[in-house]
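These entries record what I looked up on how the two chains meet. I kept them in the order in which I worked.

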Protein chains: 2
Amino acid sequence: MTAQAHPAGLSSAEQTRLKLLDAAAELFATKGFRDVAVRDICGKAGANIAAINYHFGGKDNLHLAALDHARRRALAEEPYPAGPPAAGPLPPQDKLHRHVRGMLGRAFATGPASWYVNMVLREMVDPSPALAHAIDDNIGPHQRRLEGIVAQLMDREAEDREVRDLAAGITAMAVYYHACRAVITHTEPDRVFDQAEADRLTDLIVRFAVAGIEGLAR
Amino acid sequence: MTAQAHPAGLSSAEQTRLKLLDAAAELFATKGFRDVAVRDICGKAGANIAAINYHFGGKDNLHLAALDHARRRALAEEPYPAGPPAAGPLPPQDKLHRHVRGMLGRAFATGPASWYVNMVLREMVDPSPALAHAIDDNIGPHQRRLEGIVAQLMDREAEDREVRDLAAGITAMAVYYHACRAVITHTEPDRVFDQAEADRLTDLIVRFAVAGIEGLAR
DNA sequence: CATTGATTCAATCAATCGTTTTAAATTGGG
DNA sequence: CCCAATTTAAAACGATTGATTGAATCAATG
């Protein structure tokens with residue numbers, strides 16, 4: 001009645017559940033929660049229209065489940081940037097570089113590893129009932145880590161008002177290249193957003209931010 | 001048959017047209033194009049549901065007309081920041097301060113003068129068919145002006161790739177406090193976004209940007 | 001083999017959207 | 001004063017949305 005012994009070790013129900021989560025995460029990441037109809041998701045997953053409500057109890061709950069699913073898929077991948085997690089404590093400039101590079105790299109990537117970041121970035125700009133969930137799981141800790149780096153660079157407390165606002169400003173630059181791509185593409189149609197561009201922008205943003213923070217700390 | 005002599009000098013049709021434009025601009029600015037139903041606009045304007053299609057030929061055309069309407073209303077107001085447009089040529093730092101202060105001040109404002117900026121900011125993050133229109137009228141010239149200021153600060157050409165990207169980064173910080181307000185409010189529920197906050201953020205952003213640009217130019 | 005409970009399926013529901021239609025009311029020129 | 005053009009009003013249309021229904025299917029169990 002319940003679990004069936006399948007070749008892949010997954011019951012038929014678990015297979016459709018996973019196919020729905022994959023399809024939902026990819027579509028939500030690329031087109032946004034509100035611009036995707038449950039029919040699209042079921043069509044992409046090869047499932048029936050009623051499957052979402054049967055397995056998840058509605059589109060909103062599927063959204064939450066897809067966020068968690070995409071998060072697990074991203075965490076399962078090789079951490080970005082690749083390589084060992086550094087032997088000793090990094091200088092704050094390098095920490096900042098890794099931080100910004102991680103955001104832009106994933107934001108400009110495609111494929112399952114990029115779904116989560118793109119869903120979260122969309123959530124920041126076009127909030128849904130899942131925003132609080134995304135903040136608690138990702139945005140909040142992510143931002144607090146950045147505030148720690150900025151505080152270290154300024155030699156101040158992480159709770160300092162200016163530290164928080166400057167960290168938000170750094171996040172803003174990374175978010176901008178994801179959220180306002182339509183504006184950039186309009187004036188620079190040939191511009192591509194690949195990993196090389198992520199490298200270039202990361203260098204620029206980090207050099208700009210470090211110089212600005214040091215100039216401000218004086 | 002057409003124009004009727006009204007006390008206010010406006011025919012009944014022109015009155016309905018204006019009431020529709022005001023209602024549409026305010027609702028589009030506060031809730032976004034896609035989250036506003038034509039029924040809401042007509043209800044707020046006290047007009048019939050068919051009025052929009054009669055006067056403007058559809059919701060999309062109303063959006064374009066409301067953008068122009070809001071732009072004219074904003075230009076009719078006292079330019080912000082108030083005061084004389086400065087006697088001589090300002091130093092680039094002051095130009096940048098006026099530029100950022102103008103964006104944040106209008107973005108944090110309420111009332112008819114803020115409708116246009118809020119509509120344009122929404123357009124950047126959630127594009128509609130009116131995006132090209134908004135870019136040609138506002139975003140493009142606005143960004144080019146900022147690129148000129150940044151180029152002056154760096155002593156480079158305005159077409160320089162880094163100049164353009166740094167100008168985009170400055171815009172990004174201002175856009176962030178408008179587009180991601182839900183994220184900020186979630187972690188800092190008591191934070192208010194008024195003109196005093198616009199002053200504070202402008203100072204911070206300008207000092208940060210000037211220091212960063214000068215450090216980068218070396 | 002019949003039963004059982006979980007799953008899938010096609011069909012449909014109720015709500016909302018922008019838009020259109022049809023007729024009545026209003027308006028200003030003759 | 002009357003007529004033709006214009007404007008408003010109310011209803012409904014067609015499309016799309018997320019959600020639901022009830023029967024059919026499936027695999028495992030007794």
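Entry 1, salt bridges. I counted eleven salt bridges between chain A and chain B; the model is a predicted one. As one example I noted the pair Glu162(B) and Arg207(A), whose side chains meet with 3.1 Å from N to O. I then looked up polar contacts between chain A and chain B and found ten residue pairs, both residues being at pLDDT 80 or more.

Entry 2, elements of chain A at the interface. I asked which elements of chain A give two or more residues to the side that touches chain B. They are helices H6 (112-125), H7 (131-154), H8 (161-179), H9 (181-187) and H10 (195-217). H8(A) gives the most, with 13 residues. By residue type, I recorded 24 nonpolar, six polar and twelve charged residues on this side of chain A.

Entry 3, extent. I found 42 residues of chain A in contact with 42 residues of chain B. I looked up the buried area as well, because the size of an interface is often given as the accessible area lost when the parts come together. Between chain A and chain B this area is about 3800 Å², and carbon and sulfur atoms give 67% of it. Asp165(A), Tyr176(A) and Phe208(A) supply 16% of the area that chain A buries against chain B, more than any other three residues.

Entry 4, Tyr177(A). I next turned to a single residue of helix H8 of chain A, Tyr177(A). Is Tyr177(A) buried or exposed? Its relative accessible area is 1%, and I therefore entered Tyr177(A) as buried, the cut-off being under 20%. Leaving aside residues up to four places away in sequence, I listed what Tyr177(A) touches: Phe108(A), Ile184(A), Arg191(A), Phe193(A) and Leu201(A) in chain A, and Asp165(B) and Ala168(B) in chain B. For Asp165(B), I noted that its backbone oxygen lies 3.3 Å from a polar atom of the Tyr177(A) side chain. I also recorded that Tyr177(A) and Arg200(A), 23 residues apart in sequence, are 13 Å apart in space, C-alpha to C-alpha.

Entry 5, relation of the copies. I laid chain A on chain B and obtained an RMSD of 0.1 Å, with a turn of 180° and a shift of 0.0 Å along the axis. The two copies are therefore related as by a two-fold rotation axis. Which C-alpha of chain A is nearest the axis? I found it to be that of Gly212(A), at 1.8 Å. Finally, I noted that the same surface serves both copies, since 100% of the contact residues of chain A recur in chain B.

Terms used:
Residues numbered from 1 in each chain as written. Chains lettered and ligands numbered in written order. Predicted model: local features only at pLDDT ≥ 70, side-chain atom pairs only at ≥ 80, totals over all residues. Heavy atoms only, no water. Contact = heavy atoms within 4.5 Å. Buried area = accessible area lost by both parts, 1.4 Å probe. Salt bridge = Lys/Arg side-chain N within 4 Å of Asp/Glu carboxyl O. Polar contact = N/O pair within 3.5 Å; in protein donor to acceptor, adjacent residues only side chain to side chain. Nonpolar A, V, L, I, M, F, W, Y, C, P; charged D, E, K, R; others polar. Buried < 20%, exposed > 50% of the residue type's maximum accessible area, 1.4 Å probe, protein only. Least-squares fit on C-alpha atoms with pLDDT ≥ 70 in both.
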